[in-house]
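Trainee: Could we go through this chain together? I would like to see how each label is earned.
Mentor: Happily; let's put it on the screen.
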Amino acid sequence: MLTSGKTKFFLGYEIFKDFITFLNSLAFLKGMPAPRLRSRSLRRIFRKVPGNRVSLHYKKRKPPAARCGNCGAVLKGIPRELPFRMRSMAKTKKRPERPFGGILCSRCMRQKIIDKARQ
Ligand SMILES: [Zn+2]
């Protein structure tokens, strides 16, 4: 960088620093990525690396979010991860610990219990 230490030389120095960081983050545009990385089948991740740099990483896309079996709402508390990562995860981290956890959303679960009690 231009400066050393924690001295601020002018007003808006922090903004200027952020701008330089942003320019550095665009450094990947200088080179053409390998042909296998040019398709959008892989997702792109801007990862901060040591030296105040940002590098572009390519990762496999995640599966879609789990949905409620009744209303189709996105289920909360369920990680959106690849199967190999889900396999090494604890059961309690994969779904909420309540009746129909990981199958129904909390609203549908409540309604189902109420319906069952009224039968
Ligand atoms: Zn639901």
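Trainee: How many of the 13 residues of α4 are buried, and does it lie in the open or not?
Mentor: The number buried is 0, so α4 lies largely in the open. Buried means 20 or more other C-beta atoms within 10 Å of a residue's own, exposed means 12 or fewer, and partly exposed is in between, with C-beta atoms placed from the backbone. Do note that this is a predicted model, where local features need pLDDT of at least 70, side-chain atom pairs count only at pLDDT 80 or more, and totals for chains, interfaces and linings use all residues. Residues are numbered from 1 along each chain as its sequence is written.

Trainee: What makes the span of helix α4 agree with its 13 residues?
Mentor: The expected span is 1.5 Å times one less than the number of residues. For residues 106-118 that gives 18 Å, and the end C-alpha atoms are 19 Å apart, so the two agree. Helices are DSSP runs of H or I with at least four residues, strands are runs of E with at least two, and both are numbered from the N terminus.

Trainee: Why does Asn52 count as exposed?
Mentor: Asn52 has 12 C-beta neighbours inside 10 Å, and the exposed class takes 12 or fewer. Asn52 sits in the loop between β1 (42-49) and β2 (53-60), with a positive phi of about 55° although it is not a glycine.

Trainee: And why is Phe100 called partly exposed?
Mentor: Phe100 has 18 C-beta neighbours inside 10 Å, so it falls in the partly exposed class. Phe100 is in the loop between α3 (91-94) and α4.
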